[in-house]
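Here's a quick tour of a structure that may be new to you. Have a look at it first, and then we'll walk through one helix and its surroundings.

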Amino acid sequence: MEGDAENAKSSLELLEESSSEGQLSFYRTMILYVHNLVESDIQSRSQAVFADVQDDFYDIKKILSRFEEWRRSYSESYHNAYISLCLPKLLNPIIRQQLLVWNPLKVSGYVKNA
């Protein structure tokens, strides 16, 4: 009889553990789904901000190359305009938009577990 009670207890504990594992799995799946949904919404909204901007004024390398050309061609004017102080403020919105959904743990569509 004691053996039956112990077997019943272990069966009940196993059943409770499996149901809680199932619930945890469900919640993890739902959290991941909601996270991906929110991330895609943020990404689409942030891309809409710069949707009408020409590539010459959105690509950081192209922007910096124009300033570099100005610096080489008209050095005095470039330095008098304090461009080196203005560049961070100029590039800030573009960089922030690009970093909105950046995930340093994500590699080629795969998220590493920490």
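Let's start with helix α4, whose buried residues are Ile83, Leu87, Leu91, Ile94 and Gln97. Buried here means under 20% relative accessible area, exposed means over 50%, and partly exposed is in between (1.4 Å probe, protein chains only). An α-helix has 3.6 residues a turn, so residues three or four places apart point the same way.

A word on the ground rules: this is a predicted model, where local features need pLDDT of at least 70 and side-chain atom pairs count only at pLDDT 80 or more, while totals for chains, interfaces and linings use all residues. Residues are numbered from 1 along each chain as its sequence is written, and side-chain values use heavy atoms, with hydrogens and water left out.

Stepping back, the chain has 4 helices and 2 strands, running α-α-α-α-β-β from the N terminus on. Helices (H or I, at least four residues) and strands (E, at least two) are DSSP runs, numbered from the N terminus. Of the chain's 114 residues, 10% count as buried.

Now back to α4. This helix covers residues 83-99, 17 residues in total, and spans 24 Å from first C-alpha to last, close to the 24 Å expected at 1.5 Å a residue. That expected span is 1.5 Å times one less than the number of residues. There's a bend of about 45° at Asn92, with a proline, Pro93, following within four residues. The bend is the angle between axes fitted to the seven residues ending at a residue and the seven starting there.

What makes up the largest nonpolar core? It consists of 8 residues: Ile60, Ile63, Phe67, Tyr78, Ile83, Leu87, Leu91 and Ile94. Two elements, α2 (60-73) and α4, give two or more residues to this core, and α4 gives the most, with 4 residues. Such a core is a set of buried Ala, Val, Leu, Ile, Met, Phe, Trp, Tyr and Cys residues joined through side-chain atoms within 4.5 Å.

Two residues with some exposure are worth a look:

| Residue | Place | Relative accessibility | Class |
|---|---|---|---|
| Tyr82 | loop between α3 (75-80) and α4 | 55% | exposed |
| Gln98 | helix α4 | 41% | partly exposed |

Tyr82 also has a positive phi of about 55°, although it is not a glycine. As for Gln98, its C-alpha is 9.1 Å from that of Gln43, and the two residues are 55 apart along the chain.
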